[in-house]
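User: Hi! I have a protein model open and would like to learn how to read it. Could you guide me through a few features?

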Amino acid sequence: MAYRGFTRTSRFHILSALLFAVLHHVAALELGQSCVNPSGESGSCILFRECQPLVDIFKKPFNTPDDTEFLQASRCGASNGKPLVCCAGVVVEERTTLPEPPNCGTQLSDRIFGGQPTKIDEFPWTALIEYEKPNGRFGFHCGGSLINQRYIVTAAHCINAIPRGWKVHRVRLGEWDLSTSSDCEDDFCSTSPIDLDIEQIIVHSGIMATKSKVFLLMCLVAIGGQSVLCLDLGQSCVNPRGQQGSCIQFQECQPLVSIYNKPIRTDDDKQFLLASRCGTFNTKTLVCCVGSASSGGKTTLPQPPHCGIQLTDRVVGGQPTKIDEFPWTALIEFQKADGRFGFHCGGSLINQRYIVTAAHCINAIPRSWKPNRIRLGEWDLGSNSDCLDDFCAPAPVDLEIEKIIVHPGYDSRDKANLNDIALIRFKRDVQYSDVIRPICLPLSTSVRNRNYVGASSYAAGWGKTETASASDKKLKVELNIKSQEDCAPIFARGGILLKPSQICAGGVRGKDTCSGDSGGPLMRQVSGTWYLLGVVAGAGAKNIPQALATPPACGQSQSARITVGSGIQMKEFPWTVLIEYEKPSGEIEFLCGGALIHQRYVVTAAHCTASIPSGWKFFGLKTCSTNKVPDVYTKVPDYTTWIQDNMN
């Protein structure tokens, strides 16, 4: 039998009836809930306009009575006055809903008095966040607000700016008096507080969300309705296609940049870009980039922001470092003839397999010594466990040496120590951590060619040289870089001719690389990134008698005060020197003194030369700079090509 279709006006009445029925439906579902449509098919309760099959029926030129009945029977609820329908074939991930008044924000008593203690049942949504500390203790140190049965809202800094070594443990609800086990007031005792284990932490993507190794929980950021792992910069990841990659800044991932720059991006392109996100770094997007890491061939050097980043930037001249400061500093361990071991030089980590050090730490050491291992992640040599401010660092890492490459232009007989630079390769990759990270080399033209004269720079280390040790704890000192015109004449008086491939820094009393190591770094922070500008060379203030720096008139002390039994002043008797000897065991020791009488001569006692024990030999005249003599560094920007060419 023929039937008459429904016109557009009739369809308007159908939709109105649909909405009316929904608003009066006693068994209405919530948005996103599972449902069964009139045909018995499983679906989800979603907005009518988002259900394409039903929209297509509605937009037919003519709607049959069956169409109308199906549309009306598909209703499942309403959301903000808009009809919801059971849409088959659509599965919506169930979202946790937020309550609305009067189902939230209500307390059984409203007794608010400024500055007065609350009643037991006041502000029942307040929460406490409990932390576990390195010493095994627990404590509440942040709060939050309960917003539904599964979530609290708190501050991002309660997650990402807590002391190192702390970890978020649990959330407590229903607490009133922390000092008692039972909360009672006015003949009313509340139920015991509830401690809830944490399933997930979500940090706003606009916050730098670094994932520390102490977190046992997953750090997540909300992106386009998805939950994406919030990884640290440079960490391994898996992209949406299941391919291995590295979590790096979006602008550095050429495959994804190419997709983004396409004239027309498909929905799949957009979804792939969104799903490739893996975190943030300084509010910049990180993505899981496939092919970003080198596989085979030459070992690559990291570039910003994959290097030169320390978790704390607290540099104060002459002060001990924090545990995680300058995490690229390395120590070279030597084996001596008597079977003992000792740290006597430093270096700088530049990637997972190499440190840069000084050539004189390899070719100008006592004959019986040999480099044994490289230590990374060290802070206090006098302690088995490095702890500071409730944070305990992991144990240092000792790495076996696979290969040593000394610059071919280095000659240990050269007083100026030109080309005093070397590379040491480990037998295995080192894993980065809070206390082990690489420093950047000045590879870009802008950083490499910059004029650093007069700029502030820093040296850090333990004061380890071939013959001395300044401290068990890593030290740091601020130094100004000097021009060749300023420091070349000082060293020329000692017979040392500086070259353009060398720089000097310091020369301020009490601030020199007595705080640093032979082979250790001279570094500067540029735009938030630390760069290696120099390597502590064999030439310098340690090798030049202080009287040659600013020589006084003959026989005149700059501070002529002689007091029997008293300590001398720093400027007094600048002609005094110490004579250094090398023993057969390789040990170095000062055992005699002398007086400087000329730029090339020292007077000493005959027994200091003729009556020394058998096997001893003169090693040199070395002092640590206490006057205004700068230290000399091998200029790293001039050697970046050599470094890259010799890494494999």
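Analyst: Happy to! Let's start with a definition: two strands pair if DSSP finds at least two bridges between them. Keep in mind that this is a predicted model. Now look at strands β15 and β16, which form a hairpin with five residues between them. Gly 242, in the turn, has a positive phi of about 85°.

User: How many bridges join β15 to β16, and which way do the strands run?

Analyst: Three bridges join β15 (residues 236-238) to β16, and the two run antiparallel. As an example, Cys 237 has Gly 245 of β16 as its bridge partner.

User: Is β16 largely enclosed or open?

Analyst: A residue counts as buried when its relative accessible area is under 20%. In β16 (residues 244-249), five of the six residues are buried, so the strand is largely enclosed by the rest of the structure. For the chain as a whole, 43% of the 648 residues count as buried.

User: What about a helix? Which residues of α3 are buried?

Analyst: The general idea comes first: an α-helix has 3.6 residues a turn, so residues three or four places apart point the same way. In helix α3 (residues 65-73), the buried residues are Asp 67, Thr 68 and Leu 71. They cover an arc of only 95° around the axis, which puts them on the same side of α3. Asp 66 and Glu 69 are exposed, and they sit on the face turned away from that buried side.

User: Now the strands again. Which strands close into a barrel?

Analyst: Six strands do, in the order β27-β28-β29-β36-β31-β30, with antiparallel pairing. From one strand to the next, the twist averages 45°. To see one pair in detail, find β29 (residues 502-506) and β36 (residues 630-635): five bridges join these antiparallel strands. Within that pair, Ile 503 has Tyr 633 of β36 as its bridge partner.

User: Which helix packs on that sheet?

Analyst: Helix α9 (residues 484-492) does, touching β28 (475-482), β29 and β36. The direction of α9 makes about 110° with that of β36.

User: And how many helices and strands are there in the chain?

Analyst: The chain has 11 helices and 36 strands. You can also ask how far apart in sequence the touching residues lie: of the contacts with a separation of 6 or more, 68% are between residues 24 or more positions apart. Finally, the accessible surface comes to about 33,600 Å², and 52% of it belongs to carbon and sulfur atoms.

Methods:
Residues numbered from 1 in each chain as written. Predicted model: local features only at pLDDT ≥ 70, side-chain atom pairs only at ≥ 80, totals over all residues. Heavy atoms only, no water. Helix = DSSP H or I, 4+ residues; strand = E, 2+ residues; numbered from the N terminus. Buried < 20%, exposed > 50% of the residue type's maximum accessible area, 1.4 Å probe, protein only. Contact = heavy atoms within 4.5 Å. Areas by Shrake-Rupley, 256 points an atom, 1.4 Å probe, with all protein chains shown as cover. Axes fitted to C-alpha atoms, helices over the stretch in contact; angles between N-to-C directions. Arc of directions from axis to C-beta.
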